[in-house]
Amino acid sequence: MAKSRETFNKKEKEKQRQKKKKDKLEKKEARKSGSEKSTDFEDMIAYVDEFGNITSTPPDPERKKLEVDPDSINVTVPKDSEMSNAPDEARKGRVTFFNESKGYGFIKDSQTGESLFVHINKCLDEIRESDQVTFETERTPKGLSAVDVKLVK
């Protein structure tokens, strides 16, 4: 008599396929009957409170609203910060990092605390880490860079 070709592993896989098929059919029937959560319009509405948080309760119409004068809102950059980013302005700072073999480093501006890139070709004096320097700035595609870097005597 011939031995059956159906192994235990094949039987288990077939049982799993049948179980998945049965579960899928049950889920389909449950969706059709609508026994899960309801999808009423009221359940889908969300409200935003005055702090920007999403809530399910509508805002209180009796509550006093804060009036804001639209003229008091400043949407421009203050003029004093525009001046600090202007190129060709002499500044002072400290060299925070400088790699002599690669020829670049960074200078921390003493006024703004901003870190600026510096290349060895833009240095007038030889600089090292923690040196006090004066420099001017130049706008590059990647932002401001330090140029005409000199040691403070």
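1. Start with Tyr104. Its relative accessible area is 25%, which makes it partly exposed. Bear in mind that this is a predicted model. Phe106 is also partly exposed, at 29% relative accessibility. The rings of Tyr104 and Phe106 form an aromatic pair. Their centres are 6.3 Å apart, the planes stand at 90°, and the geometry is edge-to-face.

2. Phe106 has another partner, Phe117. This pair is edge-to-face too, with 5.9 Å centre to centre and 70° between the planes. Phe106 belongs to strand S4 (residues 104–109) and Phe117 to strand S5 (residues 115–119), so the pair ties together parts that are eleven residues apart in sequence. Phe117 comes out at 31% relative accessibility, and so it is partly exposed, since that class runs from 20% to 50%.

3. Which residues make up the aromatic cluster? Phe97, Tyr104, Phe106 and Phe117 form one cluster. The count of aromatic pairs comes to five.

4. Now the interior. The largest nonpolar core has twelve residues. Val95, Phe98 and Ile107 are among them, as are Leu116, Val118, Cys123 and Ile127. Val133, Phe135, Leu144, Ala146 and Val149 also belong to this core. In soluble globular proteins, nonpolar side chains tend to be buried together.

5. Which strand gives the most to this core? Strand S7 does, with three residues. At least two residues each come from S3 (91–99), S5, S6 (132–140) and S7 (143–151).

6. Ala146 is a useful residue to inspect. Setting aside neighbours within four places in sequence, Ala146 is in contact with Ile107, Leu116, Phe117 and Val118. Lys122, Phe135 and Glu136 are also on its contact list. Several of these names recur above: Ile107, Leu116, Val118 and Phe135 are listed in the core with Ala146, while Phe117 is part of the aromatic cluster.

7. Is Gly103 buried or exposed? Gly103 counts as buried, because its relative accessibility is 3% and the cut-off is under 20%. Gly103 sits in the loop between S3 and S4. Not counting residues up to four places away in sequence, Gly103 touches Phe98, Val118, His119 and Ile120. Phe98 and Val118 are members of the largest nonpolar core. The C-alpha atoms of Gly103 and Asn121 are separated by 7.9 Å, though the two residues are 18 apart along the chain.

8. The largest pocket has a volume of about 410 Å³. Its lining holds 14 residues. Asp49, Glu50, Pro59, Asp60 and Arg63 lie nearest the centre of the pocket. By class, the lining divides into six nonpolar, two polar and six charged residues.

9. Last, the chain as a whole. The secondary structure comes to three helices and seven strands. From the N terminus, the order of elements is α-α-β-β-α-β-β-β-β-β. Of the 153 residues in the protein chain, 14% are buried. Among contacts between residues at least 6 apart in sequence, 43% join residues at least 24 apart.

Note on methods: Residues numbered from 1 in each chain as written. Predicted model: local features only at pLDDT ≥ 70, side-chain atom pairs only at ≥ 80, totals over all residues. Heavy atoms only, no water. 1 Å grid on protein atoms, 1.4 Å probe; cavity = no way out; pocket = protein on both sides within 12 Å on 5 of 7 lines; lining within 4 Å. Points joined across faces, edges and corners; volume = space filled by probe spheres on them. Nonpolar A, V, L, I, M, F, W, Y, C, P; charged D, E, K, R; others polar. Phe/Tyr/Trp six-rings, centres within 6.5 Å; stacked < 30°, edge-to-face > 60°. Buried < 20%, exposed > 50% of the residue type's maximum accessible area, 1.4 Å probe, protein only. Helix = DSSP H or I, 4+ residues; strand = E, 2+ residues; numbered from the N terminus. Core = buried A, V, L, I, M, F, W, Y, C linked by side-chain atoms within 4.5 Å. Contact = heavy atoms within 4.5 Å.
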